[in-house]
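User: I have a model open and would like to go through its strands and helices. Can you take a look with me?

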Amino acid sequence: MSDEVTVAVRVKPGAGRTRVGGRYDGPLGPALVVAVNAPAVAGRATEAARRAVADALGVRPAAVSLRAGAASRDKLFLVATSPAERAELLERLGRLRDATP
């Protein structure tokens with residue numbers, strides 16, 4: 001059985017390097033800041049952000065899917081996880097979101 005966690009993300013495309021960490025209080029609530037070097041063209045920044053979120057949370061990229069915000073810097077991703085791993089994933093997410101970039 002799988003469980004899903006919704007992750008609000010603020011994407012910063014065109015960054016010098018990919019990094020995940022920090023908090024942005026935006027329209028979707030407290031969001032995880034994800035800087036990617038991909039440009040905001042043809043979904044490239046969204047795909048780079050999806051992969052960066054997966055890597056930072058320690059899950060397979062296939063476990064992360066876009067729920068909303070394809071054409072926006074503010075996105076919602078769904079992360080599939082098992083009920084047993086949900087607490088650990090939420091803890092890791094909290095540490096990343098509360099980290100200073």
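Analyst: The questions below go through the strands and then a helix; note that this is a predicted model.

User: Start with β5. Is that strand mostly covered or open?

Analyst: Mostly covered: β5, residues 74–81, has seven of its eight residues buried.

User: Which way does β1 run against β5, and over how many bridges?

Analyst: β1 (residues 3–12) pairs with β5 in the antiparallel sense, over eight bridges. Among the bridge partners, Asp3 is matched with Thr81 in β5.

User: And how many bridges join β4 to β5?

Analyst: Four; β4 covers residues 64–68 and runs antiparallel to β5. Leu66 stands opposite Phe77 of β5.

User: What does Gly69 do in that hairpin?

Analyst: Gly69 takes a positive phi near 100°, in a hairpin with five residues between β4 and β5.

User: How many residues link β2 to β3?

Analyst: Two, in a hairpin. β2 (residues 19–26) and β3 (residues 29–35) pair antiparallel over six bridges, and Val20 stands opposite Val34 in β3.

User: Switching to α1. What is its reach from first C-alpha to last?

Analyst: 20 Å for 14 residues, 44–57, which is close to the 20 Å expected at 1.5 Å a residue.

User: Which of its residues are buried?

Analyst: Ala45, Thr46, Ala49, Arg50, Ala52, Val53, Ala54 and Leu57.

User: What covers them?

Analyst: The cover for the buried residues of α1 includes β1, β2, β3, β4 and β5, as well as α2 (83–98).

User: What comes just after α1?

Analyst: Gly58, with a positive phi of about 75°.

How values were computed: Residues are numbered from 1 along each chain as its sequence is written. This is a predicted model: local features need pLDDT of at least 70, side-chain atom pairs count only at pLDDT 80 or more; totals for chains, interfaces and linings use all residues. Side-chain values use heavy atoms; hydrogens and water are left out. Buried means under 20% relative accessible area, exposed over 50%, partly exposed in between (1.4 Å probe, protein chains only). Two strands pair if DSSP finds at least two bridges between them. The expected span of a helix is 1.5 Å times one less than its number of residues. Contact means heavy atoms within 4.5 Å.
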